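Biologist: Could you walk me through reading a structure like this, feature by feature?
Modeller: Gladly, let us put it on the screen and begin.

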Amino acid sequence: MAKIDSDMPNKDPGFILASGSPQRTALLESAGYTFESIAPQIDEGEGLCSHCGPAELVATLALRKAADVVGRMDAAADGTLPVVIGCDTVAECGGEILGKPDDLDHARRMLSLLGGQRHQVYSGLCVWPTATGIPITEVAVTELEMDRLSEEQIDQYLQTGAWEGKAGAFGYQDGPDWLKITKGSASNVIGLPLELLAEMLARVDVRPA
């Protein structure tokens, strides 16, 4: 398995992860956070500009995911207010934004495009302390290089099903030897930039009393 970032502070301010992603859940658990997951109920394509770049796209979606969950929740029984975390991740290669593949053929096209190319993975991250009602949003970028893949290699990978639900149709956490990070965060590629999250939490000072 690919190494992920785990040297994060163990904080428990009452997190809500605005996501149904198993990858994001696993990352937060590996970093020692205690949290609850609530999947946002948004149409990710609705109201987005057709010409916005990957950084603007993921930042907008991360904020919208967090806002949806904030709008549907109440204070806990003990009166505490949680911190909501929203995140969205895409890959980008040669100006083309690659989200989650629609099906097997779409995944094949993505891997064919990325093979032999340097590309980037962008994650927008929104930290929304509901006690203040003031969210902050940042974007993490990781640069990668994928080996050129033969049709046989692509077929073998697609048969594993590891491409499903993953931006760019690949899972870095699965440890493929044809994918290398050249700059940036591994956890960002998997779906949640843990280093950036720790920095943002420190800025909003959500330490438990």
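**Reading the features one by one**

Modeller: Let us begin with a single residue: Thr142 sits in strand β6, which covers residues 136-146. Keep in mind that this is a predicted model.

Biologist: Is Thr142 buried or exposed, and how do I read that?

Modeller: The idea is to look at relative accessible area, where under 20% means buried. Thr142 has 0% relative accessibility, so it counts as buried.

Biologist: Which residues is Thr142 in contact with, leaving aside its neighbours within four places in sequence?

Modeller: The list is His119, Gln120, Val121, Ile181, Lys183, Gly184, Ser185, Asn188 and Val189. For Ser185 we can add a detail: its backbone oxygen lies 2.9 Å from a polar atom of the Thr142 side chain.

Biologist: Now a helix. How does the span of α2 agree with its number of residues?

Modeller: The expected span is 1.5 Å times one less than the number of residues. Helix α2 runs over residues 54-71, so its 18 residues should span 26 Å, and the end C-alpha atoms are indeed 26 Å apart.

Biologist: Which residues in α2 are buried?

Modeller: They are Pro54, Leu57, Val58, Ala59, Leu61, Ala62, Lys65, Ala66, Asp68, Val69 and Val70. The elements covering these buried residues include β1 (15-18), α1 (22-30), β3 (83-93), β4 (96-98), β5 (118-129) and β6.

Biologist: Lys65 is in that buried list. What does the side chain of Lys65 meet in a salt bridge?

Modeller: The general idea comes first: side chains of opposite charge can pair when their charged atoms come close. Here Lys65 pairs with Asp88, with 2.9 Å from N to O. Asp88 belongs to strand β3 and Lys65 to helix α2, so this bridge links distant parts of the chain, 23 residues apart. Both partners are buried.

Biologist: How many salt bridges does the count come to?

Modeller: The count is nine. Another of them joins Arg109 and Glu96 at 2.8 Å, N to O. Since Arg109 is in helix α3 (residues 104-114) and Glu96 in strand β4, the pair ties together parts 13 residues apart in sequence. Arg109, at 43% relative accessibility, counts as partly exposed, and Glu96 is also partly exposed, at 27%.

Biologist: And what does Lys180 form a salt bridge with?

Modeller: With Asp147, where the closest N and O atoms are 3.6 Å apart. Lys180 lies in strand β7 and Asp147 in the loop between β6 and α4, so this pair ties together parts that are 33 residues apart in sequence. Lys180 is partly exposed, with a relative accessible area of 41%; Asp147 is partly exposed too, at 35%.

Biologist: Which residues are linked in a network of salt bridges?

Modeller: Arg108, Glu151 and Asp155 form such a network.

Biologist: Last topic, rings. How many aromatic pairs does the structure hold?

Modeller: It holds two. To classify a pair, check the angle between the ring planes: over 60 degrees counts as edge-to-face. For Tyr157 and Trp178, the ring centres are 5.1 Å apart and the planes stand at 90°, so the pair is edge-to-face. Tyr157 is in helix α4 (residues 151-160), and Trp178 in the loop between α4 and β7 (179-183), so the pair ties together parts 21 residues apart in sequence.

Biologist: Are Tyr157 and Trp178 buried or exposed?

Modeller: Tyr157 and Trp178 are both buried.

Key: Residues are numbered from 1 along each chain as its sequence is written. This is a predicted model: local features need pLDDT of at least 70, side-chain atom pairs count only at pLDDT 80 or more; totals for chains, interfaces and linings use all residues. Side-chain values use heavy atoms; hydrogens and water are left out. Rings of Phe, Tyr and Trp (its six-membered ring) pair if their centres lie within 6.5 Å; planes under 30 degrees apart count as stacked, over 60 as edge-to-face and the rest as tilted. Helices (H or I, at least four residues) and strands (E, at least two) are DSSP runs, numbered from the N terminus. Buried means under 20% relative accessible area, exposed over 50%, partly exposed in between (1.4 Å probe, protein chains only). A polar contact is a pair of N or O atoms within 3.5 Å; within protein, one must be able to donate a hydrogen and the other to accept it, and residues adjacent in sequence count only if both atoms are side-chain atoms. Contact means heavy atoms within 4.5 Å. A salt bridge is a side-chain nitrogen of Lys or Arg within 4 Å of a carboxyl oxygen of Asp or Glu.
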